[in-house]
Amino acid sequence: MSEATSTPDNNPSSEEAKAATATMASTDPLADAQAELVNLKAQNADLADQYLRAQADVQNARRRADDEIAKARKFAVEGFADSLLPVLDSLEAGLAIPNVTIEQIREGSEATLRQLKSALERNKVLEIAPPAGTKFDPHHHQAISVVPAEQEANTVVTVLQKGYSIADRVLRPALVTVTAPK
């Protein structure tokens with residue numbers, strides 16, 4: 001028999017055939033390059049898809065953040081306004097009463113003032129009213145006049161108008177009179 005005739009002992013196994021084909025393919029640079037090109041094109045398409053999805057996610061997140069900021073600005077005073085409504089109700093109720101006495105007006109005004117102060121405090125609006133003898137603080141006080149006194153220079157003598165702050169930011173400085181340098 002010739003060597004070209006195959007016998008069961010001479011047949012290469014399928015694994016050997018695959019290895020031989022792989023060896024032949026690896027020896028063919030054009031086939032390797034084409035296979036690599038197909039693989040790179042698939043990776044490129046996958047990465048392009050991932051990029052577009054990530055870009056869409058970023059745009060959606062930005063849009064949601066913008067919507068939340070717009071809502072926060074629109075409804076920022078909602079809690080503050082809600083705490084002022086009882087004050088409004090008290091004022092309207094006081095004005096609706098006919099034939100009130102001066103004492104009743106004073107008593108109603110004091111109760112309404114307490115409500116207003118309470119509403120401001122709940123919303124972190126705090127008074128700036130330094131007691132006499134306090135050191136002048138230009139961040140919280142505004143000196144209206146300087147008067148001679150026996151106290152140390154730049155000391156608060158009187159408060160002409162209370163100031164207010166909200167969350168450590170001065171809304172209005174306290175208007176004060178301070179002592180002059182000696």
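Author: The expected span of a helix is 1.5 Å times one less than its number of residues. This model is predicted. Start with helix α3, residues 78-96.

Reader: What makes the reach of α3 close to the expected one?

Author: Helix α3 has 19 residues, for which 27 Å is expected at 1.5 Å a residue. From first C-alpha to last, α3 reaches 27 Å. The two values agree closely.

Reader: Where in α3 does a kink lie?

Author: At leucine 84, shortly before proline 86. The bend is the angle between axes fitted to the seven residues ending there and the seven starting there. At leucine 84 that gives about 30 degrees.

Reader: How do you know what helix α4 should span?

Author: Helix α4 covers residues 102-122, 21 in number, so at 1.5 Å a residue it should span 30 Å. Its end C-alpha atoms are 30 Å apart, which agrees. Just after α4, lysine 124 takes a positive phi of about 65 degrees.

Reader: Which residues of α4 are called buried?

Author: Thr112, Ala119 and Leu120. Buried means under 20% relative accessible area, and these three residues of α4 meet that cut-off.

Reader: Why are the buried residues of α4 said to line one face?

Author: Look down the axis of α4. The buried residues fall within an arc of 95 degrees, so they line one face of the helix. They pack against α3 and β1 (125-128). The face turned away carries exposed residues: Glu103, Arg106, Glu107, Arg114 and Glu121. Exposed means over 50%.

Reader: What makes up the largest nonpolar core?

Author: Five residues: Ile128, Val156, Ala174, Val176 and Val178. A core needs buried residues joined through side-chain atoms within 4.5 Å, and these 5 form such a set. Strand β6 (residues 174-179) gives the largest share, 3 residues. In soluble globular proteins, nonpolar side chains tend to be buried together.

Reader: Which residues does alanine 174 touch?

Author: Ile128, Pro130, His140, His141, Gln142, Gln161, Lys162 and Gly163, leaving out residues up to four places away in sequence.

Reader: How many helices and strands does the chain have?

Author: There are 4 helices and 6 strands. Along the sequence the pattern is α-α-α-α-β-β-β-β-β-β. Of the 182 residues, 11% count as buried.

Reader: What is the mean pLDDT of the chain?

Author: It is 87, and 86% of residues reach 70 or more. Residues 1-12 have pLDDT below 50. Beyond near neighbours in sequence, that stretch has 3 contacts in the model.

Conventions: Residues numbered from 1 in each chain as written. Predicted model: local features only at pLDDT ≥ 70, side-chain atom pairs only at ≥ 80, totals over all residues. Heavy atoms only, no water. Buried < 20%, exposed > 50% of the residue type's maximum accessible area, 1.4 Å probe, protein only. Helix = DSSP H or I, 4+ residues; strand = E, 2+ residues; numbered from the N terminus. Contact = heavy atoms within 4.5 Å. pLDDT = per-residue confidence, 0-100. Arc of directions from axis to C-beta.
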